[in-house]
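Trainee: I should like to work through this structure with you, one question at a time. May we begin?

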Amino acid sequence: MFEHIQLDWRSVFEILILSVFIYFLLRFIRGTRGARVMLGLASLLLFLTLMSQLFELRVINWLLEHFFEFIVVALVVIFQPELRRALAELGSRPIFFTATHERAVVDILVKVAMSFSTRHIGSLIAVEREIGVHGITEAGAQIDAKLSFELLDQLFYPNSPLHDGGVVIQNDRIAAAACIFPLTQRIDLAKSVGTRHRAALGLSEDTDSVVLVVSEETGTISVACQGNLYQKLDAERLRSLLTRLLVGSAETSWFGKFLSLIRRR
């Protein structure tokens with residue numbers, strides 16, 4: 001009897017481990033080229049499996065049975081860049097990323113925005129949240145440096161090599177600069193909404209990133225999130241908005257995010 005109970009608990013523990021692994025695997029590849037490859041591969045295998053079962057296609061069924069024996073090797077070859085990046089980020093990212101770190105990010109962003117607004121320095125800064133933007137960071141200039149006011153000031157300094165495009169922040173690190181964000185296709189925007197604001201809206205529509213924009217022409221500060229554009233923000237409103245979007249929804253760590261997801265379900 002006790003052996004049976006122990007086996008059940010072991011099975012539950014194994015399911016929990018596999019659930020954590022699958023959750024973070026899907027979360028990591030979401031927004032990458034690997035996600036599209038995996039979706040296409042899964043769709044093709046599902047279609048061939050259904051056809052072979054419905055019409056008793058023995059040759060295709062035999063090929064599928066032998067293909068699944070080498071699926072692990074095939075996945076390693078196909079997703080080699082993603083696996084290498086995942087292992088590198090696992091070793092470089094902090095395990096316990098607390099709300100204190102998020103508040104530090106907010107403080108730096110507010111300081112940068114107010115400084116750029118005073119000097120009329122245009123900027124576009126995206127803070128990654130749940131949905132990854134690896135496809136965008138891969139196309140930009142790789143930075144992978146600790147977030148700081150001084151580094152952002154140098155990146156967006158007029159006529160600097162990387163001042164065009166956007167900067168992507170992951171946790172408390174600058175992942176990449178000179179990134180190209182997708183432009184929104186909305187036609188209801190005012191003509192005064194420039195390219196930076198359209199890029200910020202475009203990224204916020206495709207992902208859950210929080211995008212900070214400073215206009216070079218007017219010095220106004222805006223934030224785009226979930227397809228909404230909050231404009232003409234002063235320091236107090238900017239800090240309040242960023243705190244609500246970043247700190248308010250922040251979890252204590254990557255493991256804490258999974259536990260929070262379980263609690264919400």
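Trainee: How many disulfides does the count come to?

Mentor: This is a predicted model, and a disulfide here requires a pair of cysteine sulfur atoms within 2.5 Å. Cys179 is buried, with a relative accessible area of 1%, and Cys225 also counts as buried, at 2%. By the sulfur distance rule, the number of disulfides is zero.

Trainee: What share of the residues of the protein chain count as buried?

Mentor: The protein chain contains eleven helices and seven strands. A residue is called buried when its relative accessible area is under 20%. Of the 265 residues, the share that meets this criterion is 39%.

Trainee: Which helix gives the most to the largest nonpolar core?

Mentor: The largest nonpolar core has 33 residues, and those with the most contacts inside it are Leu109, Leu152, Val223 and Leu238. The elements that contribute two or more residues to this core include helix H8 (149-155), strand E6 (221-225), helix H10 (235-247) and helix H6 (99-119). With eight residues, the element that gives the most is H6.

Trainee: How many residues has the other core, which lies apart from it?

Mentor: In soluble globular proteins, nonpolar side chains tend to be buried together. Here a separate core includes Ile136, Val168, Val211 and Ala224. The number of residues in that core is 17.

Trainee: Which leucines does Val223 touch, not counting residues up to four places away in sequence?

Mentor: Val223 is among the residues with the most contacts inside the largest core. With those sequence neighbours set aside, its partners include Val210, Val211, Asn228 and Tyr230. The leucines that Val223 touches are Leu212, Leu229, Leu233, Leu238, Leu241, Leu242 and Leu245.

Trainee: Is Ala176 buried or exposed?

Mentor: Ala176 lies in strand E4. Leaving aside neighbours within four places in sequence, Ala176 is in contact with Thr137, Ala141, Gln142, Ile143, Gly166, Val167 and Val168. Because its relative accessibility is 0% and the cut-off is under 20%, Ala176 counts as buried.

Trainee: What distance separates the C-alpha atoms of Ala176 and Thr137?

Mentor: Thr137 is one of the contacts of Ala176. The two residues are 39 residues apart along the chain. Their C-alpha atoms are separated by 5.5 Å.

Trainee: What percentage of the exposed area do carbon and sulfur atoms supply?

Mentor: The area that the protein chain exposes is about 16,000 Å². The part supplied by carbon and sulfur atoms is 64%.

How values were computed:
Residues are numbered from 1 along each chain as its sequence is written. This is a predicted model: local features need pLDDT of at least 70, side-chain atom pairs count only at pLDDT 80 or more; totals for chains, interfaces and linings use all residues. Side-chain values use heavy atoms; hydrogens and water are left out. A nonpolar core is a set of buried Ala, Val, Leu, Ile, Met, Phe, Trp, Tyr and Cys residues joined through side-chain atoms within 4.5 Å. Buried means under 20% relative accessible area, exposed over 50%, partly exposed in between (1.4 Å probe, protein chains only). Helices (H or I, at least four residues) and strands (E, at least two) are DSSP runs, numbered from the N terminus. Contact means heavy atoms within 4.5 Å. Accessible areas come from the Shrake-Rupley method with a 1.4 Å probe; for residues, only the protein chains shown count as cover.
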